[in-house]
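This report covers the fold, the charged side chains and a few loop residues of one protein chain. The sequence and the coordinates come first, and the text follows from them.

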Amino acid sequence: MPGKLPWLLAKRLETLGMKVMNQGITGQVHKDRKLLTGDSPLAGNKLGILAAEELLKAVK
């Protein structure tokens, strides 16, 4: 897609008081209590691994 797309979701979350951790697209993942997030499609594999680890902890 040509041109820069605005990150409207991030702006909305910030107005609701959330802190957006990532400033770029690096494949970064983050866990905050039970919320798991990834910064982009590049984070898909890492996010899947993190989710699997958290699920395994939950069923022990």
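Helices (H or I, at least four residues) and strands (E, at least two) are DSSP runs, numbered from the N terminus. In these terms, Met-18 is found in the loop between helix H1 (8-15) and S1. The coordinates are those of a predicted model.

**Overall layout**

The protein has two helices and two strands, and their order along the sequence is α-β-β-α. Its radius of gyration is 14 Å, well over the 10 Å that the globule rule gives for 60 residues, so the protein is more spread out than a compact globule. Along the principal axes, the C-alpha atoms fill a box of roughly 45 × 25 × 15 Å.

Burial and contacts can be read alongside these dimensions. Of the 60 residues, 12% are buried. Among contacts with a separation of 6 or more, residues 24 or more positions apart account for 0%. The accessible surface comes to about 5400 Å², and carbon and sulfur atoms hold 64% of that area.

**Charges and salt bridges**

The protein carries 10 positive and 5 negative charges, and the mean positions of the two sets are 3 Å apart. Side chains of opposite charge can pair when their charged atoms come close. With a cut-off of 4 Å between a side-chain nitrogen of Lys or Arg and a carboxyl oxygen of Asp or Glu, the count comes to three salt bridges. They are listed below.

| Pair | Closest N to O distance |
|---|---|
| Glu-54 and Lys-31 | 3.3 Å |
| Arg-33 and Asp-32 | 3.3 Å |
| Lys-57 and Glu-54 | 3.2 Å |

Which parts of the chain does the salt bridge between Glu-54 and Lys-31 link? Glu-54 belongs to helix H2 (residues 44-59) and Lys-31 to strand S1 (residues 29-32), so the pair links distant parts of the chain, 23 residues apart. Lys-31 is partly exposed, because its relative accessibility is 37% and the partly exposed class runs between 20% and 50%.

The salt bridge of Lys-57 with Glu-54 lies within one helix. Lys-57 and Glu-54 are three residues apart in helix H2, which means that about one helical turn separates them. Lys-57 is exposed, with a relative accessible area of 55%. Salt bridges that share partners join Lys-31, Glu-54 and Lys-57 into one network.

In the remaining pair of the table, Arg-33 and Asp-32, the two residues fall into separate exposure classes. Arg-33 is exposed at 69% relative accessible area, whereas Asp-32 is partly exposed at 36%.

**The loop between the strands**

Arg-33 also has a place in the loop between S1 and strand S2 (35-38). Its phi is positive, about 55°, although Arg-33 is not a glycine. Lys-34 lies in the loop between S1 and S2 as well. With a relative accessibility of 84%, Lys-34 counts as exposed. Lys-34 and Glu-54 are 20 residues apart in sequence, and their C-alpha atoms are 8.7 Å apart in space.

**Two further loop positions**

Is Ser-40 buried or exposed? Ser-40 is placed in the loop between S2 and H2. Its relative accessible area is 14%, and it is therefore buried, since the buried class takes values under 20%. Leaving aside neighbours within four places in sequence, Ser-40 is in contact with Ile-25 and Gly-27.

Met-18, in the loop between H1 and S1, is partly exposed, with a relative accessible area of 42%. Which residues does Met-18 contact, leaving aside its neighbours within four places in sequence? They are Leu-13 and Leu-35.

Definitions and conventions. Residues are numbered from 1 along each chain as its sequence is written. This is a predicted model: local features need pLDDT of at least 70, side-chain atom pairs count only at pLDDT 80 or more; totals for chains, interfaces and linings use all residues. Side-chain values use heavy atoms; hydrogens and water are left out. Buried means under 20% relative accessible area, exposed over 50%, partly exposed in between (1.4 Å probe, protein chains only). The radius of gyration is taken over C-alpha atoms; the globule rule is 2.2 Å times the number of residues to the power 0.38. Contact means heavy atoms within 4.5 Å. Accessible areas come from the Shrake-Rupley method with a 1.4 Å probe; for residues, only the protein chains shown count as cover. Lys and Arg count as positive and Asp and Glu as negative; His and the chain ends are not counted. The place of a charge is taken as NZ of Lys, CZ of Arg, CG of Asp or CD of Glu.
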